Amino acid sequence: MSAAPAQPTSAESGEIDASLKVPVIVLLAFAILWLLGASALGVIAAIKLHTPAFLGGCEFLTYGRVYPAALNALAYGWGMNAGLAVALWLMARLARGTLPSGGLLIVATVFWNIGVKLGVLGILAGDSNSITWLEMPAYVVPFLLVAYALIAAWVLAVLRRGTSPYLYVSQWYVLAALFWFPWLYSAAQLMLVFRPVHGTVQAIVAAWYSHGLLGLWFGSLGLALIYYFIPKVVGKPIRGYYLSSLAFWAYAIFTAWTGVSRLAGAPVPAWTQTAGRTASFMLLVPLGIIVVNLFLTLADGLGALATSMVLRFITVAAVVFVLCTVRGVILALPSWAGITQLTWFATASDYVLLYGVFSMAVFGAVYYLMPRLVRRAWPFAGLIQVHFWFALIGLVVGVVSLSLGGLQQGRDLANDKIAFADVTAHALPYLQAATIAGIILTLGHLAFAFNFVKLVICPQHRAASAAAPLPAALTVPPPELQATAR
Amino acid sequence: MNRAPLIFLGAFLALSFSWAGLVLSNQVGYGTLAPHFDDTENKAYPGQLPGLSARGALVYQDLGCVYCHTQQVRGGEPSADLARKWGERESYARDYLRDTHVQLGENRIGPDLRNFGARAPSAGSPAAAAALYQHLDNPSSVVPGSTMPAYTFLFTTRKISGDPSPEALAVPGVPAGSELVPTERAVTLVTYLLGLKDTYDYPVERRLNTPPAPKAEGKK
């Protein structure tokens, strides 16, 4: 982190952090538990793809159960808990509002997690809806919506109590994402599960939801964190900040439309597929602005990359965001879609956004915010390095192997001379590589979880804390720097 | 701070725009598409799923078959679905009216199943079910190298009382005096799978979906 002025607001942010401490730690603890659970389920699913006899004969661990269980544990267990934790923290920090007593918030968090747990167990037990990202059975939906509303209301309460005269662009993304998720989720549940629409309109609703969840919830929160941390850690204001609102609106309008590009070639109206394709291209507009905003700012302080693990995670998230948007544009081209649709290539695109953008940004944010909440440094700095490299290598190996495997699969499928058994056989090495990637990611998660647990409960660290000043390494430029251009 | 309501309104409008544009317009456009009544055959297509098949569709759903098997036949370049004999024609939106829960699928880890009933081994004869039971019980015994899970839990070994069951699987390893028979779920699932066929060629769809010029993208 670059040389920066002392914090003029340190007392105030100390007060904010103190009010956030317990609720954010509870949300993150649940998130990390789910991350480990999702990793285990994901690795089991990955192994089954090339070694079907692994844990075979066990009904609740068949691929068709364990894979959606892993997806939902990752999205609603890890993703929502972690997303709400960072949304709460970011909102409080930027609005400079303290959290009103958080007892109800913790109750709501527990309820959310009971809901997800019932949902994931329901999938394993065979109550799945078999709609990607919406598998959790209908009986947990009211649970989840009520718990979500209670948690999101606290984020808004923090905003209302805030004293900051500004609404930063990070807050725009958080505010919008908080609102988009329940809108998407309730509309999709209503139209697919509770009162299903007829025929392939269902596929359109499902595509709209999938992409909304990934782009508008996970993508928006990832962008909020990236927009906050790059200027913060680099210590320079966002370049071209005035353009960021334009990027926000363009991203908001086009993202949900791009969802139907995943239906290329499906039995849905051709104009719908064209609309999705067009929207994918239109996303280049916000992408261009975001690149200018973030990478020019980053270029002002590249040196910080050498010292700040937070910035490394955030930079990976920013780079992956760019790559995966460009990937979306390429996939929307009809000549590519014909090969990549219905293969691992298309499936991998979802993981890229959820893991490479959102989760990487959250990892960075957690490494930044936790020491400030508990007022002591991470116990094992080396484990942060381990986590970073394992996450990065696992991500690259996983995405590259699934993408290459998907291309192979797509080309094989398009050639009717290749028997289906050979299509399967050709994909096996790539799927084995993906399993290795999953194991690497899981090891990284274990390092992360161990460090987190030690930080929160380790007694010898606790003794030294109390009213001790913030460790010198944690001082950072004041938050106002983010928007000096305004 | 007072801009928060504006952001909310804008976020609401942005998502409403995509919802109205994609979901609502398609629901209005073809959400009320009706089955086609064929006067010569005096029958509506696609017909309702028979009760046993409808229950099998639920088994298909709870086992998560959709994660490996698509149910959509694509035409045009570069798709080889028709050449692979996965269907006589590409799928039309109208084909899915009989499905309460449309499972198009997203990844072809296994072959497409939309017309499985039309192309299954010994389709149309009673032996088709027996072949499929064996496939579900032990996929790699039927397709060497298959990565499909063995759904052994859909079958149960029981003592033969009276006449042996006609559905018993002819597999080795079953103790003498016992037989391996499909459970009720296996029976419904197999009925559903063998009923999967979109062989009826809708006159109206053929006209709408056949590209006029040879140089077409193959999208409907």
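Where does B:Ser165 sit in chain B? I'll come back to that in point 8; here are my notes on this predicted model, chain by chain and then residue by residue.

1. Chain A, secondary structure and overall shape. There isn't a strand to be found here: chain A has 16 helices and zero strands. Its C-alpha atoms fit in a box of roughly 70 × 45 × 45 Å along the principal axes. The radius of gyration is 22 Å, and since a compact globule of 486 residues would come out near 23 Å, the value agrees with that expectation.

2. Chain A, packing and surface. Buried residues account for 64% of the 486 in this chain. If you take the contacts with a sequence separation of 6 or more, 84% of them join residues 24 or more positions apart. The accessible surface is about 15700 Å², and carbon and sulfur atoms own 73% of it. On charge, I get 24 positive and 12 negative side chains, with the centres of the two sets 9 Å apart.

3. Chain B, secondary structure and overall shape. This one is mixed, with seven helices and four strands. Reading from the N terminus, the order is α-β-β-α-α-α-α-β-β-α-α. The box around the C-alpha atoms is roughly 75 × 55 × 35 Å along the principal axes. Here the globule rule does not fit: 220 residues packed as a compact globule would give a radius of gyration near 17 Å, but chain B has 22 Å.

4. Chain B, packing and surface. Of its 220 residues, 48% count as buried. For contacts between residues at least 6 apart in sequence, 65% link residues at least 24 apart. The accessible surface comes to about 10600 Å², with 60% belonging to carbon and sulfur atoms. Charges are balanced in number, at 21 positive and 21 negative side chains, and the centres of the two sets lie 5 Å apart.

5. The nonpolar cores. The largest one holds 192 residues, and the members touching the most others are A:Tyr76, A:Trp78, A:Trp217 and A:Met370. Apart from it lies another core, of 23 residues, including B:Ala120, B:Leu169, B:Leu193 and B:Leu196. If you want one residue to click on, try A:Trp78: leaving out residues up to four places away in sequence, its contacts include A:Ala31, A:Ile32, A:Trp34 and A:Leu35. Further along the sequence, A:Trp78 also touches A:Phe358, A:Ser359, A:Val362, A:Phe363 and A:Phe448, among others.

6. Backbone oddities in chain A. Two residues that are not glycines deserve a look for their positive phi: A:Leu342, at about 65 degrees, and A:Arg375, at about 60 degrees. A:Leu342 is in the loop between α12 (334-340) and α13 (344-374), while A:Arg375 is in the loop between α13 and α14 (381-413). Are they buried or exposed? A:Leu342 has a relative accessible area of 5%, so it counts as buried. A:Arg375 has 28%, so it is partly exposed.

7. A cis peptide in chain B. The bond from B:Tyr45 to B:Pro46 is cis, with omega near -10 degrees. B:Pro46 belongs to the loop between β2 (43-45) and α2 (51-62). I'd have a look at this spot while you have the structure open.

8. Two loop residues in chain B. Back to the opening question: B:Ser165 is in the loop between β3 and β4 (178-182). Its relative accessible area is 15%, so B:Ser165 is buried. Leaving out residues up to four places away in sequence, B:Ser165 touches B:Arg158, B:Glu179 and B:Val181. B:Pro182 is 17 residues from B:Ser165 in sequence, and their C-alpha atoms are 9.9 Å apart. The other residue is B:Thr147, in the loop between α5 (139-142) and β3 (155-159). What does B:Thr147 touch, not counting residues up to four places away in sequence? The list is A:Lys48, A:Leu49, A:Pro52, A:Thr424 and A:Leu428. B:Thr147 has 14% relative accessibility, so it counts as buried.

Notes:
Residues numbered from 1 in each chain as written. Chains lettered and ligands numbered in written order. Predicted model: local features only at pLDDT ≥ 70, side-chain atom pairs only at ≥ 80, totals over all residues. Heavy atoms only, no water. Rg over C-alpha atoms; globule rule 2.2 N^0.38 Å. Buried < 20%, exposed > 50% of the residue type's maximum accessible area, 1.4 Å probe, protein only. Contact = heavy atoms within 4.5 Å. Areas by Shrake-Rupley, 256 points an atom, 1.4 Å probe, with all protein chains shown as cover. Lys, Arg positive; Asp, Glu negative; His and termini not counted. Charge placed at Lys NZ, Arg CZ, Asp CG, Glu CD. Core = buried A, V, L, I, M, F, W, Y, C linked by side-chain atoms within 4.5 Å.
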